[in-house]
Amino acid sequence: LLGFPIAYNYVEWASAIEHRRGLKNKINDYFYDKWLVPSMDGALPISEVLIENFDKVAPNKPSFKIPILCDFDKFDVTAKKPEYPYFAYCGALDYGELIIFVLNAFDNLKDDPRIELHMALGGGTPGAEDALRNHIKNMKKGDRVKIFKNVPHHKIPDLYAPAIGLLIPMRPTLQDAARFPHKIGEYVASGAPMISSNFGEVKYYFKDMENGFVADKYEVEQFTEKMQYIIDNPEEARVVGQAGKQTGLKEFNFLHYGEDLRNFLEELNGKKKNATVKKMEKVSS
């Protein structure tokens with residue numbers, strides 16, 4: 001109404017988020033996707049899926065892809081030697097399916113040597129946390145799982161840097177195809193090797209055994225294989241981790257996007273002004 005353009009930071013497909021349940025959320029997300037997104041003058045999609053969707057619902061409106069961004073300097077920390085080697089996972093308790101997936105993959109590892117799983121978890125309901133702890137009690141390696149709740153962000157680099165591998169499975173769903181988890185940028189910034197699955201945005205940036213460990217499918221057994229390979233081949237894993245960091249520095253460093261973002265917004269502003277002038281001319285005529 002005031003005549004200035006709005007660029008939408010488009011990072012998720014709202015109606016595809018599986019843990020958003022209830023009639024109120026479904027109604028909200030329907031109008032969000034069907035009305036709010038197309039009403040924007042331009043978009044900053046985080047994924048190829050969202051680029052395609054914005055082109056479909058808002059034809060002839062510009063978009064500029066901005067992937068996950070990270071301040072790499074914050075993750076340039078000295079890794080402290082842990083008591084036992086460990087894999088790390090960071091996520092929200094709302095993503096219960098992914099947490100159980102990671103736990104099951106870890107539980108299938110060989111018993112020796114002793115490897116731990118450190119999980120930094122946030123949010124969620126008390127019921128979700130209770131269910132998680134009950135699942136861990138029934139695991140063969142439950143005594144090797146350590147849960148850290150609501151870790152302050154400035155301490156996250158100290159969790160990632162010593163890890164022998166950082167875990168983030170991607171499910172073959174519309175939700176995971178559309179999103180691009182910010183923690184992937186932080187994972188690779190640490191220099192530790194990332195383990196994921198070949199889906200969504202991961203497949204555009206990472207190649208298995210080159211700059212990450214990428215399972216062909218979203219399957220527990222394949223994830224376990226990647227984790228076991230890292231345990232058995234630590235030197236090769238470190239090389240892969242450093243290659244992932246170089247990919248991140250090239251693709252996900254926030255310092256690389258300022259000028260292009262400014263140009264996009266200036267172009268968007270110019271189009272809005274021209275459209276407003278033409279509208280005023282039409283009304284006056």
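**Note on two pockets in a predicted model**

1. In the second largest pocket, the largest share of the lining comes from strand S3, which supplies 4 residues. The structure is a predicted model, and the points below should be read with that in mind.

2. The volume of this second largest pocket is about 380 Å³. A total of 19 residues line the second largest pocket, and those closest to its centre are Tyr95, Arg179, Pro181, His182 and Lys183. Two or more lining residues are given to the second largest pocket by each of strand S3, which covers 86–92, and helix H7, which covers 182–189.

3. When the residues lining the second largest pocket are sorted by character, 13 are nonpolar, 2 are polar and 4 are charged.

4. Turning to the largest pocket, the space inside amounts to about 500 Å³. Its lining is made of 23 residues, of which Ala161, Pro162, Ala163, Ile164 and Arg238 are the closest to the centre of the largest pocket. The elements that contribute two or more residues to this lining are helix H9, spanning 220–232, and helix H10, spanning 234–251.

5. Which element gives the most to the lining of the largest pocket? That element is H10, with 4 residues.

6. The lining of the largest pocket, sorted in the same manner, holds 16 nonpolar residues, 3 polar residues and 4 charged residues. For a student looking at the structure, a useful place to begin is Arg238, which is one of the residues closest to the centre of the largest pocket, and then Tyr95, which is one of those closest to the centre of the second largest pocket.

Methods:
Residues numbered from 1 in each chain as written. Predicted model: local features only at pLDDT ≥ 70, side-chain atom pairs only at ≥ 80, totals over all residues. Heavy atoms only, no water. 1 Å grid on protein atoms, 1.4 Å probe; cavity = no way out; pocket = protein on both sides within 12 Å on 5 of 7 lines; lining within 4 Å. Points joined across faces, edges and corners; volume = space filled by probe spheres on them. Nonpolar A, V, L, I, M, F, W, Y, C, P; charged D, E, K, R; others polar.
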